[in-house]
Amino acid sequence: MCISRESRNGVKAETNKRKPAGKRRLGPLSTDRHRLYEYSVQSPSFNIEFFDRVYKRAWGRPARSLKEDFCGTALLATEWVRTRPGNVAVAVDTDAKTLAWARANNLVSLSPAERSRIKLVRADVREIRAPKVEIIAAFNFSYFGFKTRRELLGYFLNARRSLKPGGLLILDMFGGWEAQMEVTDKTRNPGFTYVWEQTKFDPISHSAGFHIHFDFHGGGGIRKAFRYDWRMWTIPEVRELLADAGFSSIDVYWEGIDPETGEGNGVFKRVTKAENCPGWIAMLVATRGLPARRLRRPR
Ligand SMILES: C[S@@+](CC[C@H](N)C(=O)[O-])C[C@H]1O[C@@H](n2cnc3c(N)ncnc32)[C@H](O)[C@@H]1O
């Protein structure tokens, strides 16, 4: 999908803004930075529909087990266990305070049976290999925090080993020349404005800095609620590293355009070529192949 500078409301907001699942829990105005973040950029139901589509396409049934890497508030893992009674989830993050927030604010909304099927783990995503799962999701570009080939390959090698045979690693990506510009984009929401600010881009290292701010419509807000120091990886670089890590197929899904609005239509299709555009969002789906002697559907 092409996102024009004029039409987009911030790359991160654009990723998932169609179905902000946090909306129903936000209330009149939350001033909690995690809730405002969830509302602004996350849409677990949209993600889960995509997982079901790509996993069913490969294996004829939806996956049951999910690992949410870089889980933050574990909103996706929480919605995953709520979606189907057989679903299980592991959610991994290094930040103890964020995981405590996840427990107190998201896991608390689950029934005891649902809660028994989700596990939060405080660890580096490169360290956790068990239990093996059918899908690993790493969303909102968090792996861009790995700035060298060695670091990113280390993550992909560990992710591959953490998947069951036939399992999928699903990543999102953004790019385009506007992702290399120091710009600020704003999205107006009920009660607050989400502000995505790109603070720097270095053409030599492809290092880029970003801030998220929340401006409250009644006055005040939260400046630098979240900060990111990332490397802007390109699709060919990431696909090559996934191949080096042993993934057997690495597909790119590109978002279609709604002809009426000129914005993304929320439908990601597998492509091998795409239109060059100022800003884009894509999903990468990498498969851990089955051993040759076991070329049958995984159980
Ligand atoms: C951009 S937030 C992503 C939150 C959520 N996944 C989403 O889709 O919005 C990045 C999260 O990754 C965590 N993180 C960063 N490096 C990590 C690592 N090496 N291992 C595990 N978690 C990490 C941070 O603590 C933070 O909560």
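Me: Helices are DSSP runs of H or I with at least four residues, and strands are DSSP runs of E with at least two, both numbered from the N terminus. How many helices and strands does the secondary structure of the protein come to?

Reply: This is a predicted model, in which local features need pLDDT of at least 70 and side-chain atom pairs count only at pLDDT 80 or more, while totals for chains, interfaces and linings use all residues. Residues are numbered from 1 along each chain as its sequence is written, and side-chain values use heavy atoms, with hydrogens and water left out. The secondary structure comes to 9 helices and 12 strands.

Me: Which strands stand at the edges of the open sheet?

Reply: Two strands pair if DSSP finds at least two bridges between them. By this criterion, 8 strands form an open sheet with mixed pairing, in the order β3-β2-β1-β4-β5-β12-β10-β11. Two of these strands have a single partner each, so one side of each lacks a neighbour in the sheet: β3 (118-122) and β11 (264-271).

Me: Which residue of β3 stands opposite A91?

Reply: Strand β2 (residues 88-93) and β3 run parallel and are joined by 5 bridges. Opposite A91 in this arrangement stands L120.

Me: What angle does the direction of α8 make with that of β5?

Reply: Helix α8 (residues 149-162) packs on the sheet, where α8 is in contact (heavy atoms within 4.5 Å) with β1 (65-69), β4 (133-138) and β5 (163-175). Axes are lines fitted to C-alpha atoms, for helices over the stretch in contact, and angles between N-to-C directions run from 0 to 180 degrees. For α8 and β5 the angle is about 145°.

Me: Is S162 buried or exposed?

Reply: S162 lies in helix α8. Leaving aside neighbours within four places in sequence, its contacts are K67, I128, R129, P131, K132, V133 and I136. Buried means under 20% relative accessible area, exposed over 50%, and partly exposed in between (1.4 Å probe, protein chains only). Because its relative accessibility is 0%, S162 counts as buried.

Me: What arc do the buried residues I235, V238, L241 and L242 of α9 cover around the axis?

Reply: I235, V238, L241 and L242 are buried in helix α9 (residues 235-244). Because of their limited arc (that of the directions from the helix axis to the C-beta atoms), they lie on the same side of α9, and the arc is only 135°.

Me: Against which elements do the buried residues of α9 pack, and which residue just after α9 takes a positive phi?

Reply: The partners are α8, β5, β10 (249-257) and β12 (280-287). Just after α9, a positive phi of about 100° is taken by G246.

Me: Which peptide bond is cis?

Reply: Most residues other than glycine have a negative phi, and most peptide bonds are trans. P131 lies in the loop between β3 and β4. With omega near -5°, the cis bond is the one from A130 to P131.

Me: What relative accessible area does F141 have, and what does H206 have?

Reply: F141, in the loop between β4 and α8, has a positive phi of about 65° although it is not a glycine. H206, in the loop between β7 (192-201) and β8 (207-216), likewise has a positive phi, near 60°. F141 is buried because its relative accessible area is 0%, whereas H206 is partly exposed because its value is 21%.
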